[in-house]
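User: I'm new to reading protein structures and would love a close look at one part of this one. Could you walk me through how its strands are arranged, and then show me how some helices pack?

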Amino acid sequence: MLPLIIITGLLAFASSRPHGTEEINRELLLSMNKDLLRSLESQEGLPNPSVHLALRLSNYHNLAKEGEHLNRMKSDLHTYIQSSLTNSQPVTGMLALYSLALKSSCYDLNTITFMVNDKSETLLTHLKKQMEQEKEHIAFSHRPLTNYYQYSLGVLALCVSGIRVNNHVTHKLIKAVEHERFQHGDAESVDTYAMAGMALRCVKDSGSYVNSAAELDTALSKIKQKLLVSRRIDGHIGNEFSTGLAVQALIAMGSEDAEYAASMEAMRTAFRSNIYHNSMANSQILPALHKKSYLSVKSKECLNEDDTLVLESTDPVVILPSETKVKVTVEVVTSSRVTVLYSVDVPKGSSLLEALELLKGKTVGFTFETESSLWGPFLSAVNGEQARQSDRRYWHLSSDDTALTEGVSDFKIEAAQKITIKNTSY
């Protein structure tokens, strides 16, 4: 009788536990969630609305820390946007992300206002005006004032907030898909196709686009095809850092689980391999791994939320510089295609930013400047030459002729290599 009791007890215990794979995936989600929460404590610069959005779309919460970050956004990020609007600088993407982050916390967007030319108007009114400016810029230059990624994000934010999107604004995005204008350098931008997919799906669901339902459906089908064709053998869509948004878009567009299952597993594998050490990347991946998208904000309710996520105290990790040195050759290619070569020995494991700092300190004539972004610092000027978004130019980075998918502070120098920094148009 005793063996039967033991067996019955073991079976009951086994049946009460989550399936092994499900439990492993749940632990991964919790770990990613905690990483994002910790990033709030070490965050430099502006509070990141994308991180806030990811935390709010998660199933697990630390409501106190999320509330603190919400207040920081309403203070510091709000001030930054106000300054940009006052100086007539385009901030479509930041306005859109800010509105999505606020809505994910069920915050009343009508209470958020900005003062321009002695006139106070709501956040969403300013976003609508920014989108009109973007649309008008497309009309005479065939491209937005900022870029199609921010343009798509603006459409999505307005739609998710229940604002009817101007048909002409939507039409411009549909035409951009039709004519394949989502380029970044020489490659198509998977991120932009993904964001456009979520934006147009929201417009379709709202029923607000009255020009041509068939035209809208064709654009959505083309976006889905572009994303699926961009899937690599390892499951990533585009690259490791565009897969999160791509999967979000496939989910938003109603794709079958089988169409993105390999990509979900690729993201899990990459996270376990510590590929995603950038909070912006994690913020786009976490919703996808929860099988959610930015469209989920539209139906978000802040009721009976889990509030059990606790951050364990951790000892600070001190990483000593490696005694092993590796040689880095830096090739700078100006907009006039003048090439200058430099060389510097750096400790193995240095970031590209650290390598450039060493080169700057040891070499007369080499200088560089950076600007901050939600993805971290990026090169804005090299040897006195600038590459500005306003001029449709940027510094393209590659290692041994392979384009970098990480920024200057994230890419690590593990072996001797040639880094090319090229002033490029887009």
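Analyst: Happy to help; we will start with the strands and then turn to the helices. Keep in mind that this is a predicted model.

Let's begin with the open sheet. It has 5 strands in the order 6-5-14-11-12, and their pairing is mixed. In general, strands of a sheet pair through backbone hydrogen bonds, either parallel or antiparallel. Which strands stand at the edges? They are strand 6 (339-347) and strand 12 (402-403). Each has a single partner strand, so one side of each is left without a neighbour in the sheet.

Further inside that order, look at strand 11 (residues 393-399) and strand 14 (residues 417-425), which pair in the antiparallel sense over 7 bridges. You can locate this pairing by finding arginine 393, which stands opposite serine 425 in strand 14. A helix also packs on the sheet: helix 14 (residues 352-362) touches strand 5 (325-333), strand 6, strand 11 and strand 14. The direction of helix 14 makes about 110 degrees with that of strand 6.

Now move to strand 9 (residues 378-382). Is strand 9 largely enclosed or open? Of its 5 residues, 4 are buried, so strand 9 is largely enclosed by the rest of the structure. Strand 9 has antiparallel pairings with two strands that you can trace along the chain. With strand 8 (residues 368-371), strand 9 pairs over 4 bridges in the antiparallel sense, and phenylalanine 368 stands opposite valine 382 in strand 9. These two strands form a hairpin with 6 residues between them. In that turn, glycine 376 has a positive phi of about 110 degrees.

Strand 9 also pairs with strand 10 (residues 385-386), again antiparallel, over 2 bridges. Here valine 382 has glutamate 385 in strand 10 as its bridge partner. Strand 9 and strand 10 form a hairpin as well, with 2 residues between them. Asparagine 383 in this turn has a positive phi of about 50 degrees.

Next come the helices. Two packed helices are described by the angle between their axes and the distance between the axes. Take helix 3 (residues 49-57) and helix 4 (residues 63-86): their axes come within 11 Å and cross at roughly 150 degrees. Why is this pair called roughly antiparallel? Angles over 145 degrees count as roughly antiparallel, so helix 3 is roughly antiparallel to helix 4. Helix 3 passes helix 4 in a left-handed crossing. From helix 3, the contact uses Pro49, His52, Leu55 and Arg56, while helix 4 brings Leu63, Glu66, His69, Leu70, Met73 and Leu77. These contact residues divide into 6 nonpolar, 2 polar and 2 charged.

For another helix pair, find helix 8 (residues 167-178) and helix 9 (residues 190-206). Their axes come within 11 Å and cross at roughly 135 degrees, which makes helix 8 oblique to helix 9. This crossing is left-handed. Thr170, Leu173, Ile174 and Val177 of helix 8 meet Ala196, Ala199, Leu200 and Val203 of helix 9. The residues of this contact divide into 7 nonpolar, 1 polar and no charged.

Finally, zoom in on asparagine 167, which is found in helix 8. Is asparagine 167 buried or exposed? Its relative accessible area is 16%, and buried means under 20%, so asparagine 167 is buried. Leaving aside residues up to four places away in sequence, asparagine 167 touches Ser208, Tyr209, Val210 and Asn211.

Key
Residues are numbered from 1 along each chain as its sequence is written. This is a predicted model: local features need pLDDT of at least 70, side-chain atom pairs count only at pLDDT 80 or more; totals for chains, interfaces and linings use all residues. Side-chain values use heavy atoms; hydrogens and water are left out. Buried means under 20% relative accessible area, exposed over 50%, partly exposed in between (1.4 Å probe, protein chains only). Contact means heavy atoms within 4.5 Å. Axes are lines fitted to C-alpha atoms, for helices over the stretch in contact, and angles run from 0 to 180 degrees between N-to-C directions. Angles under 35 degrees count as roughly parallel, over 145 as roughly antiparallel, 65 to 115 as roughly perpendicular and the rest as oblique. A crossing is left-handed if the near helix is turned anticlockwise from the far one by less than a right angle, and right-handed if clockwise. Ala, Val, Leu, Ile, Met, Phe, Trp, Tyr, Cys and Pro count as nonpolar, Asp, Glu, Lys and Arg as charged, and the others, Gly among them, as polar. Two strands pair if DSSP finds at least two bridges between them.
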